[in-house]
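The following exercises concern aromatic pairs, charges over rings, pockets, cavities and one arginine side chain. Please inspect the sequence and the structure before working through them.

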Amino acid sequence: MVFSLGYPIDAVELVGTFDSAKHRFQLVKLTGGLEHPWGLAFLPDGSMLVTERPGRLRRIVQGRLDPEPVVGVPQVYASGQGGLLDVVPHPRFDENHLIYLSYASPGKGGGATAVARGQLVGNRLENVEEFYVASPRTRGSRHFGSRLVFSDGYLYITAGERGDPDRAQALGDPAGSVIRLHEDGRIPVDNPFFFNDTASTEIYTYGNRNPQGMTKDPVTGEIYLVEHGPKGGDELNLIESGVNYGWPVVTYGLSYSGFKIGEGTHKAGMTQPVHYWTPSISPSGMMIYDGDAFPNWRGSFFIGALSGRLLDRLEIRDGKVSVEERLLEDWGRRIRDVREGPDGLIYLLTDARNGMLLRLEPAE
């Protein structure tokens, strides 16, 4: 069986064939030469956009990497975990050609998670507007979060707590939260803290540490995220308005020195994760599969893992994980993003100086 999206055959390199509990699949490499790629998006013309953390937005056309980056991308704070991060097209991209970028924004005082949008015209972004910054900016290069999801006319943004745990519990500070905006940056009046005079009114949830993956369930419309714990305690959370997910008061992880953090694993008023990982796998990009190429995987969560160097597949029943299957563990690459393509196949980005775009296909 061949799935090509029109790619020339010489653009595809077989990495290997793998067995899972429900499907045999092959992994193919579409392109390399990507410097720490972070986010992947599909455009209606069949091309793809990939962000590179140092600050470049790249196009992949007919399976080949365009040697010239897209012009007009905002300047980024390219330090440590910071840089150019996620990319998503507007839901009505066909009409308005808008692309949304999340990134670590530089400025006086350091960096902060920010979002900009611009119109993609050929190989150029035009009318670029930075319309949201998770202020205040701070020094340091950790925990920017920075995934983007559109749902029902709203834009959801994850913001890490920038390595300062207490910020995640401060309602006057958007760090360590999920932010909910209208597509133009306006704050919805039905946000949970809109009428709280001491809160950052863009906050939708809080108590989040460093959420690097977020996705919308294509069937239920629910939004899930994954976030890094410290030493252990990575979490999968169902996002609900106004909820406090507990960091750093409650956690299943320890400090990097091995000491206890906070008050334990449970506290009244703080929500438990759907699932947690101890030891950590460092979850990053995620998606819920809804395609036809792998019918027995439909409804499964796929989560890329950085320190775990694997692709984690979860099945959830009655709000709990009933099956966990670790794929590509022997292959051993840092998987930064996971996306379902318009062809129903699964696409991966590996986090490396010479990162790759790959695809999972059914193997007969």
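The exercises below, each with a worked solution, refer to this predicted model.

**Exercise 1. Determine how many aromatic pairs the whole structure contains, and classify the pair Phe18 and Phe25.**

Solution. Step one: a search of the whole structure yields 15 aromatic pairs. Step two: the ring centres of Phe18 and Phe25 are 5.6 Å apart, and their planes stand at 20°. Step three: planes under 30 degrees apart count as stacked, so the pair formed by Phe18 and Phe25 is stacked. Step four: Phe25 has a relative accessible area of 1% and is therefore buried. Step five: both residues belong to a cluster linked by ring pairs, which also includes Tyr289, Phe294, Trp297 and Phe302.

**Exercise 2. Classify the pair Phe193 and Tyr206, and state which parts of the chain it ties together.**

Solution. Step one: the rings of Phe193 and Tyr206 have centres 5.8 Å apart and planes at 80°. Step two: an angle over 60 degrees counts as edge-to-face, so that is the class of the pair Phe193 and Tyr206. Step three: Tyr206 belongs to strand β14 (203–206), whereas Phe193 lies in the loop between β13 (177–182) and β14, so the pair ties together parts that are 13 residues apart in sequence. Step four: Phe193 and Tyr206 are both buried.

**Exercise 3. Identify the rings over whose faces Arg180 and Arg209 lie.**

Solution. Step one: Arg180 lies over the face of Tyr154, at 3.7 Å from the ring centre. Step two: Arg209 lies over the face of Trp247, at 5.1 Å from the ring centre. Step three: Arg209 and Trp247 also appear together in the lining of the largest cavity, to which Exercise 5 returns.

**Exercise 4. Describe the largest pocket and the second largest pocket by volume and lining.**

Solution. Step one: the largest pocket holds about 850 Å³ of space. Its lining comprises 28 residues, and those closest to the centre are Phe42, Val88, Pro89, Arg339 and Glu340. Among the elements that give two or more residues to this lining are β3 (37–42), β7 (84–89) and β23 (335–340). By class, the lining of the largest pocket has 20 nonpolar, three polar and five charged residues.

Step two: the volume of the second largest pocket is about 280 Å³. Of its 23 lining residues, Gln81, Asn210, Gln212, His228 and Leu306 lie nearest the centre. This second lining divides into six nonpolar, ten polar and seven charged residues.

**Exercise 5. State how many cavities of 30 Å³ or more are found, and characterise the largest cavity.**

Solution. Step one: the search of the whole structure finds four such cavities. Step two: the largest cavity contains about 50 Å³ of space. Step three: its lining includes Glu227, His228, Glu235 and Tyr245. Step four: three nonpolar, six polar and three charged residues make up the lining of the largest cavity. Step five: His228 is also one of the residues nearest the centre of the second largest pocket.

**Exercise 6. Is Arg58 buried or exposed, and which residues does its side chain approach?**

Solution. Step one: Arg58 is located in strand β5 (residues 56–61). Step two: the relative accessible area of Arg58 is 8%; buried means under 20%, so Arg58 is buried. Step three: its side chain makes a polar contact of 3.2 Å with the side chain of Glu52. Step four: a polar atom of the Arg58 side chain lies 3.1 Å from the backbone oxygen of Asp66.

Key. Residues numbered from 1 in each chain as written. Predicted model: local features only at pLDDT ≥ 70, side-chain atom pairs only at ≥ 80, totals over all residues. Heavy atoms only, no water. Phe/Tyr/Trp six-rings, centres within 6.5 Å; stacked < 30°, edge-to-face > 60°. Buried < 20%, exposed > 50% of the residue type's maximum accessible area, 1.4 Å probe, protein only. Helix = DSSP H or I, 4+ residues; strand = E, 2+ residues; numbered from the N terminus. Lys NZ or Arg CZ within 6 Å of the ring centre and 35° of its normal. 1 Å grid on protein atoms, 1.4 Å probe; cavity = no way out; pocket = protein on both sides within 12 Å on 5 of 7 lines; lining within 4 Å. Points joined across faces, edges and corners; volume = space filled by probe spheres on them. Nonpolar A, V, L, I, M, F, W, Y, C, P; charged D, E, K, R; others polar. Polar contact = N/O pair within 3.5 Å; in protein donor to acceptor, adjacent residues only side chain to side chain.
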